[in-house]
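User: I should like to learn how to read the features of a protein model. Could we proceed step by step?

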Amino acid sequence: MGAGSWGTTFAQVLCDAGTSAVLLARNAELAKEINVGRENTSYLPGIALPDALRATADPAEALDGADLVVLAVPAQSLRENLAVWAPLLPPGALLVSLMKGIERGTCSRMSEVIGQVAGVPADRIAVVSGPNLAGEIARREYAATVVACTDDAAAQRLQRACHASYFRPYTNPDVIGCELGGAVKNVIALAVGIAVGMGLGDNTRALLITRGLAETARLGAALGADQHTFAGRDGRPGGDVQLAAVPQPHLRREPGPGDDAGRRDREHPADGGGREVIAVSARTGRTARRRDAYHRGHGGGTAQRP
């Protein structure tokens, strides 16, 4: 549900894994372009999409008979979009979040928003975590991901559905940790970007990355996540910090569709686009801090600093 860069790419992965997929496009013109031209020129120019992939602009058609409902819309628009789609959701379908963010105002994780709006239990909601750059995966470059769900059988079902020759999914029961890592990691990247802009070197960058990961793990533990997730059981946030926070001259960071923490999906010259990333990452940082403050104010605790 969503034909941006990551939504389209994940639909391709599903098809390449032998799972039929119908992609919901924002309009009939884009759906026709995908069905006839086998390309999404707005988000993945030059990528030939598989013949098995179908697209439609009709939510009812996209959802008809679906076993997996993959949600790939901008994080802050999830609640509004899902409220429209909820009456069309097939009973028993597993709802899968590709989004990375924390909802402003409520401070809810994306899986929490899905549960609230769709009225489904946690064991029917799964999360796909990374690090996953859509452009590279669309070119069928090797990548791994984590599929997280409190129901191990559901996680394994999703794992089988998206296991392609170039895309290896691993399962993890820690939904909270996977979502928090995905949302918060670019706050670390923002700090690293500021340090680089100030002319500071590798020592400062390493300091910000390692201490940022420690802060993320403490926040996760306070909110009920497994701290081992942040040490590597999920490829994120460590892998994503490596991708987003380590400067590469030919790339600039920019947020991808559905990623409220910002991410780098496409190759661009290093000019322009920075202000949008800063704004998105700063919003994520403020929302994460509010989430932590709310938790402590309602009887929760914060892990001790070493």
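User: What should helix α1 (residues 5-16) span at 1.5 Å a residue, and how far apart are its end C-alpha atoms?

Analyst: Please note that this is a predicted model. The expected span of a helix is 1.5 Å times one less than its number of residues. For the twelve residues of α1, the expected span is therefore 16 Å, and the end C-alpha atoms are 16 Å apart, which agrees.

User: How many of the twelve residues of α1 are buried?

Analyst: A residue is called buried when its relative accessible area is under 20%. Eleven of the twelve residues of α1 are buried, so α1 is largely enclosed by the rest of the structure. Among them are Trp6, Phe10, Val13 and Leu14.

User: Against which elements do the buried residues of α1 pack?

Analyst: They pack against the strands β1 (22-24), β3 (68-71), β5 (125-129) and β7 (167-172), and against the helices α6 (134-138) and α7 (152-161). Just after α1, glycine 18 takes a positive phi of about 90°.

User: Is aspartate 64 buried or exposed?

Analyst: Exposed means a relative accessible area over 50%. Aspartate 64 has 66% relative accessibility, and therefore counts as exposed. This residue is in the loop between α3 (59-63) and β3. Its C-alpha lies 7.8 Å from that of leucine 88, although the two residues are 24 apart in sequence.

User: Which residues make the nonpolar surface patch of about 310 Å²?

Analyst: Ile194, Met198 and Leu200 make this patch. Methionine 198 belongs to the loop between α8 (175-197) and α9 (202-222). With a relative accessible area of 60%, methionine 198 is exposed.

Key
Residues are numbered from 1 along each chain as its sequence is written. This is a predicted model: local features need pLDDT of at least 70, side-chain atom pairs count only at pLDDT 80 or more; totals for chains, interfaces and linings use all residues. Side-chain values use heavy atoms; hydrogens and water are left out. Patches are made of residues with over 30% relative accessible area and no salt bridge: like charges are joined within 9 Å, nonpolar side chains (Val, Leu, Ile, Met, Phe, Trp, Tyr) within 5 Å. Accessible areas come from the Shrake-Rupley method with a 1.4 Å probe; for residues, only the protein chains shown count as cover. A salt bridge is a side-chain nitrogen of Lys or Arg within 4 Å of a carboxyl oxygen of Asp or Glu. Helices (H or I, at least four residues) and strands (E, at least two) are DSSP runs, numbered from the N terminus. Buried means under 20% relative accessible area, exposed over 50%, partly exposed in between (1.4 Å probe, protein chains only). Contact means heavy atoms within 4.5 Å.
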